[in-house]
Each structure stands twice: as C-alpha cells, then as structure tokens.
Amino acid sequence: MIIGTLSIVLTSIIWGTVIFYYKKLMEKESFYTLNFKRVFSALMFSLPIAVFSWTTKGALPSMLSGIVGLGIGDTLYLYAILKSGASIAAPVAYTYVILSQLTAFLIGEKVGLQLVIGALFAFLGVSLLNKENSSANLKGVVMAFLAGISWMFSAVLIKHATVAEGSPSYIVAFYRLLGATIFLGCLNYYLDRNPKRLFNITQRILPPISFIDMYLGAALYSLGVSQLGVSKTVIIVSLSPAITVIFAKIMRLEEINWYKAIGTILIIAGIVLTQVTG
C-alpha cells in the first residue's frame with residue numbers, strides 16, 4: 001500500500017508543478033493542439049521503453065483509457081478553464097472524486113464511510129484552493145463536469161488493464177499515450193485541416209516536460225490504481241492542486257491566504273483517511 005500511496009504523491013507533485021508551463025503555452029496554442037503536442041511528445045520519448053519491454057497485455061483498455069482520460073477529459077478541462085477559469089473548472093471537475101466512490105463500489109472495491117468522507121474533504125479542499133472571483137459560463141461548467149466523468153472512467157479502465165489483464169504500469173502509460181495521440185490527431189485534423197502545424201514543436205523543453213508529465217506521471221498513477229484501487233487513488237491525487245498552490249508560493253507567484261491554507265489541510269485530511277482504512 002505504501003508503494004501505491006507514494007506513487008500517487010509523486011504523480012501529484014509532477015502534475016501540480018508542470019501546470020505553470022502549460023499555462024504559458026496556452027497563450028500561444030489552441031487547447032486541443034497543445035494537448036496533442038503533449039501526448040505526442042511523451043509518446044515519442046517513451047517509445048524505446050515500450051519497444052524494449054513489448055507486450056500487448058492490457059493494450060485495448062489502456063488505449064481506451066488514453067482516449068477517454070487524456071484525449072477527451074484533458075481537452076474538455078482545458079476548454080473549461082478557457083471558458084470559466086480554473087476557479088470554477090477545478091471544483092466542478094473534481095466532483096469526480098466523490099462520484100468515483102460510487103463507481104469503485106460498483107466494480108467491487110470496498111468503499112467505507114471513511115473513504116466517502118475523505119472524498120468530500122478532498123472536493124471541498126480543491127474548491128477552497130480555487131476560490132477566486134470568476135464568471136461562470138454554462139458551457140465551461142458542463143465541459144468541466146464531463147472532464148471529471150471522463151477521468152473517472154479512465155481510472156476504471158486503468159484498473160482493468162493493470163489488475164484484470166496484468167499489464168505493467170509503464171506499458172499501460174505507453175498505450176494510453178498511443179490512444180490519446182490517435183484521437184487528438186484526428187480531432188486536430190478535423191478542426192484545423194493543417195497536420196503540419198501539429199508537429200511544429202518550437203519549444204524544445206516541451207518533449208522532456210511532457211515525458212515527465214504524461215508518461216512518468218501517468219505510469220506512477222497507473223501503479224497507484226493497481227495498488228490502491230480507484231476509490232483511494234482519486235482522493236490522494238487531489239493533492240495536486242495543493243502542490244500547485246505551495247509551488248506558487250515558493251516561486252513567489254501568489255500568496256497563500258486563509259482559505260487556501262484550509263483547503264490544503266482538508267485535502268491532506270482526506271488523504272490521511274485513505275490510509276486509516278488500510
């Protein structure tokens with residue numbers, strides 16, 4: 001259990017810090033093109049690892065997870081941020097932490113009262129971390145909610161690939177990238193009809209950052225799901241927004257006020273509850 005918990009904590013640290021780089025790129029790229037470049041860059045960097053340890057175990061559910069989670073979910077979330085801002089998009093999307101408890105129960109995981117309370121703490125914590133003045137856009141809210149639903153089903157597919165089919169987490173991460181790359185490539189071609197622009201990666205730092213984020217982070221996340229299950233994993237990964245706030249403070253990008261401090265404490269309390277349940 002400790003390995004699964006540590007892997008998700010490391011995932012949260014990765015995902016909580018790289019967001020600052022992506023925010024800058026979103027000023028220059030469309031959200032769906034940026035998402036393609038992220039997954040494609042990570043796919044190319046991870047290709048040698050997949051070739052060296054080639055297996056088709058869990059290929060189908062992993063690719064479906066990539067399409068649903070990385071392709072659809074992440075794209076909808078980026079769109080929601082553009083429409084409504086992170087202060088609204090994040091809390092709406094993170095309702096999936098609560099909904100995932102029901103989904104986990106339906107697929108046979110043991111979900112006790114402590115996990116439900118932990119999920120509520122995590123959701124409230126994320127909401128407080130993003131408590132800023134922002135105007136809600138109905139389309140943005142809907143897209144954020146659908147993003148959360150996509151992430152939830154993506155986690156279920158990861159569990160099937162790693163537990164039911166016995167695929168290693170690093171292979172699952174590769175196939176997820178492959179599925180997302182195919183989906184996002186088709187989406188970009190449909191929207192722009194300019195495939196050359198997709199492979200024009202001017203930011204040299206994007207491929208290594210994408211590899212750390214989209215492959216290493218995803219592999220650690222898959223390991224966490226296989227070790228802990230969906231119910232606990234989604235609660236612990238809620239630490240990511242708290243990491244973002246802490247990192248922003250360290251880099252002197254923003255101050256931590258009282259409600260962000262409380263939000264961080266609530267998320268940590270939710271994570272502690274996942275450990276108490278054993």
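## A valine on helix H13

Valine 272 counts as partly exposed because its relative accessibility is 45%. This residue is found in helix H13, which covers residues 258-276. Valine 272 has a partner in space: isoleucine 236 is 36 residues away in sequence, and the two C-alpha atoms are 8.9 Å apart. A word on the source before going on: this is a predicted model.

Just ahead of helix H13 there is a loop that begins after helix H12 (239-250), and isoleucine 256 lies in that loop between H12 and H13. Isoleucine 256 is partly exposed, with a relative accessible area of 37%. Its C-alpha atom is separated by 9.2 Å from that of leucine 129, although their positions lie 127 residues apart along the chain.

## A nonpolar patch on the surface

Let us turn to the surface. Leu99, Leu138, Val142, Phe145 and Leu146 make a nonpolar patch of about 430 Å². Helix H7, residues 138-164, gives the most to this patch, with four residues.

Phenylalanine 145, one of the patch residues, lies in helix H7. With a relative accessibility of 37%, phenylalanine 145 counts as partly exposed.

## Two helices side by side

Two packed helices are described by the angle between their axes and the distance between the axes. For helix H2 (residues 31-52) and helix H8 (residues 169-192), the angle is about 145° and the axes are 8 Å apart. The contact of H2 with H8 involves 18 nonpolar residues, six polar ones and one charged. The crossing of H2 past H8 is left-handed.

## Charged pairs

Side chains of opposite charge can pair when their charged atoms come close. How many salt bridges does the structure hold? There are three. In one of them, arginine 38 meets aspartate 74 at 3.8 Å, N to O. This pair links helix H2, home of arginine 38, to helix H3 (residues 59-84), home of aspartate 74, across 36 residues of chain. Arginine 38 also meets aspartate 213, at 3.3 Å, and here the partners are 175 residues apart, with aspartate 213 in helix H10 (residues 206-228). Aspartate 213 counts as buried because its relative accessibility is 3%, and arginine 38 counts as buried at 8%.

Lysine 159 and glutamate 109 form another salt bridge, at 2.8 Å, N to O. Lysine 159 is in helix H7 and glutamate 109 is in the loop between helix H5 (96-106) and helix H6 (113-129), so the pair ties together parts 50 residues apart in sequence. Both residues, lysine 159 and glutamate 109, are buried. Shared partners join Arg38, Asp74 and Asp213 into one salt-bridge network.

Note on methods. Residues numbered from 1 in each chain as written. Predicted model: local features only at pLDDT ≥ 70, side-chain atom pairs only at ≥ 80, totals over all residues. Heavy atoms only, no water. Patch = residues over 30% accessible without salt bridge, like charges linked within 9 Å, V, L, I, M, F, W, Y side chains within 5 Å. Areas by Shrake-Rupley, 256 points an atom, 1.4 Å probe, with all protein chains shown as cover. Salt bridge = Lys/Arg side-chain N within 4 Å of Asp/Glu carboxyl O. Helix = DSSP H or I, 4+ residues; strand = E, 2+ residues; numbered from the N terminus. Buried < 20%, exposed > 50% of the residue type's maximum accessible area, 1.4 Å probe, protein only. Axes fitted to C-alpha atoms, helices over the stretch in contact; angles between N-to-C directions. Left-handed = near helix turned anticlockwise from the far one by under 90°. Nonpolar A, V, L, I, M, F, W, Y, C, P; charged D, E, K, R; others polar.
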